[in-house]
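Hi,

Here is the structure I said I would pass on. Have a look at it first, and then read my notes underneath.

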Amino acid sequence: MSPSPTAPRVGRLALLAVGLCWLAVLFDGLDMFIYGSVLPHMLAEKALGLTPDQAGDLGSYATFGMLVGALAAGTVADRIGRKTLMVACVALFSLASGLCAMAGGVAVFGLGRTLAGIGLGGLLPTAISMVCDFAPRGRGALAIGMLMTAHHAGGILSAYVALWVVEPLGWRAAFWFCVLPLLFVPVLARFLPESLSFLVAKGRSAEAGELARRYEVELPAAPAGERPATNRRHSLANLFRGGEWGQTLLYWSASFGGLLLVYGVATWLPTLMRGEGYNLGSALTFVVLFNLGGIVGMLVAGRAADRFGAPQISAIWFALTAAGVFLLSVRMPLALTFTVVFLTGVFLNSAQTMIYATVSIRSRPENRATAVGWTSGMGRFGAVFGPWLGGQLLAADKGDWGFTAFACAGLSSMVFIGIAALRGSKRAAGSDGKRELMGAH
């Protein structure tokens, strides 16, 4: 079958899905990074009576919510549909930001961040699964990398919100700004297409056929030998069947260290850099450079992973990340520090994303959201621990140890994903080639 007649139309459908998912993840990144961006202001003003250890706890509330959201969302998305869940997640974290803006005390603010975290945690693995469904064969890592540039664009936006909105209007205005994505919910509900492979896998052939006719694309084949009901009961168990359990545990362990590093740095970077003697303007510039590096890194890592394999690239990236994070504990000239922050952003963010990319590409379409969701969800234990750890170190007046602790987390993830890469290579060499790893396409 020649792909040329349908290639433009496939591209049009993919562009629609990826574009809407990109905007949703942009708002996800804004809401995730806004707390770290306004935290120096809140601590300086003693807003809500915050102390550094309480601030670390509040950062962990959001990541705990993300843990719950990620663990639940994978299974729920594989049951009710990725589109429905994405719409619900955007609505939830937008409304939760409004609760934070109105909070009169730490308890209500913490509740708002926890609810926002549930929405944030549910959105990301669902969007990754959606994009993977529409990505051209052999370009899955690049498509996921492009999607994740939105997360870092949201981080950049959060720094500018802190610079332009907080000074004249106060920290609450930043969280009111994060309610604006609620206006995007009707657009997402109206125009985002449901995954064709999900519809086929769940036996919703008529709906899938209508969507395929609308965009004049070919309907994917139904999974052989399994009924939708069976898929629903065994989607999680499938992650441990046969030889999959070892790889699953390695991915979960790597994700734990990676997310400890990502969210620890995302929450505490401005505050830690101020502790190293940089002023607030420079500290927020670090946030912008860190996320610009993340955008560049996603595109570079995506292309490299499609060629050489996502787990291999992830392991190398984690090693480089550990070196960069450790260097941030050393006082350097400002220009050199800016360079190190940018390069650390290049490697750190895409290293974690390549774990998701590996899991997503290697999973079957009907089980993909569960696999990515649980990898993300188990990693969220690290995301909960990272902000808490930073707060405890600062409260003990040992903030200079924060970067060293985060660098050690990067090294641990390098080891786990490196072992997964070696195991995957051996399994691929012994297989008949029907189940290829990413990068072998």
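When I say helix here, I mean a DSSP run of H or I at least four residues long, with numbering from the N terminus. With that in mind, Ser350 belongs to helix H14. Before I go further, please remember that this is a predicted model.

The overall picture first. The protein has 16 helices and zero strands. Of its 441 residues, 60% are buried. Taking contacts between residues at least 6 apart in sequence, 83% join residues at least 24 apart.

Back to Ser350 and its surroundings. Ser350 has a relative accessible area of 0%, so it counts as buried. Setting aside neighbours within four places in sequence, Ser350 is in contact with Gly297, Met298, Ala301 and Trp317. That last residue, Trp317, also takes part in an aromatic pair with Phe347: the geometry is edge-to-face, at 5.3 Å centre to centre and 85° between the planes. This pair ties together distant parts of the chain, since Trp317 is in helix H13 (residues 310–327) and Phe347 is in helix H14 (residues 334–362), 30 residues apart. Both rings, Trp317 and Phe347, are buried.

H13 gets a second serine into the story. Ser314 is located in helix H13 and is buried too, at 0% relative accessible area. Not counting residues up to four places away in sequence, Ser314 touches Ala351, Met354, Ile355 and Ile417. As for the helix itself, H13 has 18 residues and runs 26 Å from its first C-alpha to its last, close to the 26 Å expected at 1.5 Å a residue. The buried residues of H13 include Ala310, Pro311, Ile313, Phe318 and Val325.

Now the cores. Which residues touch the most other members of the largest nonpolar core? They are Cys21, Met86, Leu188 and Ile417, out of 94 residues in that core. Helix H11 (residues 244–275) gives the most to this core, with 12 residues. Apart from this core lies another, of 25 residues, among them Met42, Cys100, Phe109 and Val166. As for Met86, leaving out neighbours within four places in sequence, its contacts are Cys21, Ala24, Leu123, Thr126, Ala127, Leu188 and Leu192.

On to the rings. The count of aromatic pairs comes to seven. One of them is Phe109 with Trp171, edge-to-face at 5.8 Å centre to centre and 70° between the planes. Here again distant parts of the chain are linked: Phe109 is in helix H4 (residues 106–134) and Trp171 in helix H6 (residues 171–177), 62 residues apart. Phe109 and Trp171 are both buried. Ring pairs also join Tyr35, Phe109, Trp171 and Phe175 into a cluster. Elsewhere, the charged end of Arg190 sits over the ring of Phe191, 5.0 Å from its centre.

H4 is worth a look on its own. Because 23 of its 29 residues are buried, H4 is largely enclosed by the rest of the structure. Its end C-alpha atoms are 42 Å apart, which agrees with the 42 Å that 29 residues should span at 1.5 Å a residue.

You may also want to look at Asp28, in helix H1 (residues 7–45). Is Asp28 buried or exposed? Asp28 is buried, with a relative accessible area of 0%. Leaving aside neighbours within four places in sequence, Asp28 is in contact with Phe93, Leu120, Leu123, Leu124 and His151. Asp28 and Cys89 are 61 residues apart in sequence, yet their C-alpha atoms are 9.3 Å apart in space. Cys89 counts as buried, at 7% relative accessibility.

Last, the cysteines. How many disulfides does a search of the whole structure find? Zero. Take Cys178 as an example: the closest cysteine sulfur, in Cys100, is 8.9 Å from its own sulfur, so the two are too far for a bond. Cys178 is buried, with a relative accessible area of 1%.

That is what I have so far.

Best wishes

Key:
Residues are numbered from 1 along each chain as its sequence is written. This is a predicted model: local features need pLDDT of at least 70, side-chain atom pairs count only at pLDDT 80 or more; totals for chains, interfaces and linings use all residues. Side-chain values use heavy atoms; hydrogens and water are left out. Rings of Phe, Tyr and Trp (its six-membered ring) pair if their centres lie within 6.5 Å; planes under 30 degrees apart count as stacked, over 60 as edge-to-face and the rest as tilted. Helices (H or I, at least four residues) and strands (E, at least two) are DSSP runs, numbered from the N terminus. Buried means under 20% relative accessible area, exposed over 50%, partly exposed in between (1.4 Å probe, protein chains only). A charge sits over a ring if NZ of Lys or CZ of Arg is within 6 Å of the ring centre and within 35 degrees of the ring normal. A nonpolar core is a set of buried Ala, Val, Leu, Ile, Met, Phe, Trp, Tyr and Cys residues joined through side-chain atoms within 4.5 Å. Contact means heavy atoms within 4.5 Å. A disulfide is a pair of cysteine sulfur atoms within 2.5 Å. The expected span of a helix is 1.5 Å times one less than its number of residues.
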